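Let's take a friendly look at one protein model, starting with its cysteines and then turning to a pair of helices. Have the picture open while you read.

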Amino acid sequence: MSKAIGGLIVGFFLGYILQIPADEKICAVILLAAIDSICGGLIAKLNSNFSNAILIVGFITNLIFGLILICTGNILGLKLYYIALFIFGLRIFKNISALKALFLKKCDV
């Protein structure tokens, strides 16, 4: 846990110091990919089959998929990033629903 917090702090300060400009499309896709991966990790944790490797590979796969849609859309002149946002949004709501069901099951409600 302390390594994760340390990594977040280092990442925050690197981002603050380097000040790399980012497109809002890319930031939105990265944020939703991260939220989707976190929800999937929470579901795996509640099901007692969590794996760091699966979480990281899932995040990277989501990120690459979203970035490919953005780049393809930019080349074709289409707003394909909306598809990534829509898909990740659906997956997040699906995962939150599954989390709710698992949490209620664990609490015997």
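## Cysteines without partners

The sulfur of C39 sits 17 Å from the closest cysteine sulfur, the one in C107, and that's too far for a bond. Keep in mind that this is a predicted model. A disulfide, by the way, is a covalent bond between the sulfur atoms of two cysteines. To be counted here, two cysteine sulfurs must lie within 2.5 Å, and by this rule there are zero disulfides. C27 isn't in one either: its nearest cysteine sulfur, that of C71, is 14 Å away.

Here are the two cysteines side by side:

| Cysteine | Nearest cysteine sulfur | Relative accessibility |
|---|---|---|
| C27 | C71, 14 Å | 40%, partly exposed |
| C39 | C107, 17 Å | 7%, buried |

## Helix α3 and its neighbour α2

Now for helix α3, which covers residues 52-76. Its 25 residues reach 36 Å from first C-alpha to last, close to the expected 36 Å. Right after α3 comes G77, with a positive phi near 75°.

Which residues of α3 are buried? They are N62, L63, G66, L69, I70 and G73. Their cover includes α2 (24-46) and α4 (81-106).

How do α2 and α3 pack? Their axes are 9 Å apart, at an angle of about 155°. Angles over 145 degrees count as roughly antiparallel, so α2 and α3 are roughly antiparallel to each other. The crossing of α2 past α3 is right-handed. Residues that meet there include I26, I30 and G41 from α2, and L55, F59 and G66 from α3.

Notes:
Residues are numbered from 1 along each chain as its sequence is written. This is a predicted model: local features need pLDDT of at least 70, side-chain atom pairs count only at pLDDT 80 or more; totals for chains, interfaces and linings use all residues. Side-chain values use heavy atoms; hydrogens and water are left out. Helices (H or I, at least four residues) and strands (E, at least two) are DSSP runs, numbered from the N terminus. The expected span of a helix is 1.5 Å times one less than its number of residues. Buried means under 20% relative accessible area, exposed over 50%, partly exposed in between (1.4 Å probe, protein chains only). Contact means heavy atoms within 4.5 Å. Axes are lines fitted to C-alpha atoms, for helices over the stretch in contact, and angles run from 0 to 180 degrees between N-to-C directions. Angles under 35 degrees count as roughly parallel, over 145 as roughly antiparallel, 65 to 115 as roughly perpendicular and the rest as oblique. A crossing is left-handed if the near helix is turned anticlockwise from the far one by less than a right angle, and right-handed if clockwise.
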